[in-house]
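Dear colleague,

I am handing over the structure below, together with some notes on what turned up in it. Please read the notes with the coordinates open beside them.

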Amino acid sequence: MQDALNAKIDERRGRTRVNAGLNGCLKFGPELTTDCEVLDVSVTGVQVLLTDTVPLNSDVTLILPGSVHFGGEVVWRHGLKVGLKFRNSPEKIAERLAGVLNQDTMRQLHS
């Protein structure tokens, strides 16, 4: 049952996701921030675990180590887990991720 659910989700995403395990910060609203852990990442979005709630459909900025910024939108939320859809093109996102993820993870992302 769980395998069928995961296959449906992967089918909907259309892009390879890889485990990330990165710590970051999510900025939203005029001056609000919350710490987060990036659970998985693709060139179109990320799944993050937050330390505080962020409203659905919020415009956000994800800040990862090295001050790498990603603009996006909260497209789903389940408790403190949220899905962010990136605003930039997958090519631009891949360039930025290359500065944050190791080479093996980047290869998985492009498979």
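D40 is buried in this predicted model, with a relative accessible area of 10%, which is under the 20% cut-off used for that class. Its salt-bridge partner is R17, and the closest N and O atoms of the two are 2.8 Å apart. The pair links distant parts of the chain, since D40 belongs to strand β2 (residues 32–41) while R17 sits in the loop between α1 (2–13) and β1 (18–28), 23 residues apart. Unlike D40, which is buried, R17 counts as partly exposed, at 23% relative accessibility.

A search of the whole structure finds two salt bridges. Besides the pair just described, D59 and R87 meet through their side chains, with an N to O distance of 3.7 Å. Here too distant parts of the chain are linked, with D59 in strand β4 (residues 59–64) and R87 in the loop between β6 (81–86) and α2 (90–98), 28 residues apart. D59 is exposed at 53% relative accessibility, and R87 is likewise exposed, at 52%.

Turning to helix α2, its buried residues are I93, A94 and L97. Because these residues cover an arc of only 100° around the axis, they lie on the same side of α2. The elements that cover them include β2, β5 (68–78), β6 and α3 (103–109), whereas the face of α2 turned away from the buried side carries the exposed residues E91 and E95.

With best regards

Definitions and conventions:
Residues numbered from 1 in each chain as written. Predicted model: local features only at pLDDT ≥ 70, side-chain atom pairs only at ≥ 80, totals over all residues. Heavy atoms only, no water. Salt bridge = Lys/Arg side-chain N within 4 Å of Asp/Glu carboxyl O. Helix = DSSP H or I, 4+ residues; strand = E, 2+ residues; numbered from the N terminus. Buried < 20%, exposed > 50% of the residue type's maximum accessible area, 1.4 Å probe, protein only. Arc of directions from axis to C-beta. Contact = heavy atoms within 4.5 Å.
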